[in-house]
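Reader: I should be grateful for a close look at a single part of this model, namely the second largest pocket. How much space lies in it, which residues line it, and where does its lining sit relative to the strands?

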Amino acid sequence: MSISIVWLIVGAALLAAEAMAFPGIGFLFAGLGAIITGVVVEFGFISDTDTTMQGAVFLISTSIFAMLLWKKLKAWRVNPNAPQYSNILGTEASVIGSLKPGKKGQVKWSGTTMHARLQEGAVAELAEGAIVTVVAVDGNVLTVVAKN
C-alpha cells in the first residue's frame, strides 16, 4: 500500500473521529491536513520516501485549516442569536399541586419536576394534573399556558 493511500485513510479516520466520537477536539483540521498530504504525495509533488517533507506539509496544512476555520466553526456551533431551549418550547407538561397567577409552582416536564409560572395575563388557577404548554424558559423556570 502506498504512503499516499495511508495518508488518505488516516485523514478519513480523523474526519470520522471528529464527526462521530470526539467533536470539537480538532480532528477535523488534522483530517483535512492528512488528506492534503496524501493528495500532494499521490500527485508526485513530494516523494513518497520524504517523510520529513510529508510531516511538514501535514503540520502546515493542519495549521492553515485551523487558522481559517476555527472561529467560523466555533461561531456556527455556538450561535448566540439562536433561541435558547428551543427543544422545550411548545412541549407539554402537567401541573404538580396547583399553579396560580403571579406565583411560582411546579410542573412535570419530560419526567422532571421543574419550576413554572403562568404566562402574564392568566387569570385562572390550574389544578393538579392540568396539561400546560411551555411558551418560554427563564433560567430554570418554565413559563406556561393552559392547553386548549
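Author: In this predicted model, the second largest pocket holds about 160 Å³ of space. Its lining is made up of Pro101, Gly102, Lys103, Lys104, Arg117, Leu118, Gln119, Glu120, Gly121, Ala122 and Thr143. Sorted by class, these lining residues comprise four charged, four polar and three nonpolar ones.

Ala122, one of the lining residues, may serve as a point of reference. Ala122 belongs to the loop that lies between strand E3 (112–118) and strand E4 (131–138). With a relative accessible area of 30%, Ala122 counts as partly exposed, because this value falls between the 20% limit for buried residues and the 50% limit for exposed ones.

From Ala122 one may turn to Glu92, which is 30 residues away in sequence; the C-alpha atoms of the two residues are 17 Å apart in space. Glu92 falls within strand E1, which spans residues 92–96. Strand E1 runs antiparallel to E4, and three bridges join the two. Within E4, Thr133 is the bridge partner of Glu92.

Strand E1 is also joined to strand E2 (residues 105–109), again by three bridges and in an antiparallel arrangement. Here Val95 stands opposite Val107 of E2.

Taken together, the loop that holds Ala122 leads to E4, E4 is bridged to E1, and E1 is in turn bridged to E2.

Methods: Residues numbered from 1 in each chain as written. Predicted model: local features only at pLDDT ≥ 70, side-chain atom pairs only at ≥ 80, totals over all residues. Heavy atoms only, no water. 1 Å grid on protein atoms, 1.4 Å probe; cavity = no way out; pocket = protein on both sides within 12 Å on 5 of 7 lines; lining within 4 Å. Points joined across faces, edges and corners; volume = space filled by probe spheres on them. Nonpolar A, V, L, I, M, F, W, Y, C, P; charged D, E, K, R; others polar. Helix = DSSP H or I, 4+ residues; strand = E, 2+ residues; numbered from the N terminus. Buried < 20%, exposed > 50% of the residue type's maximum accessible area, 1.4 Å probe, protein only. Pairing = 2+ DSSP bridges.
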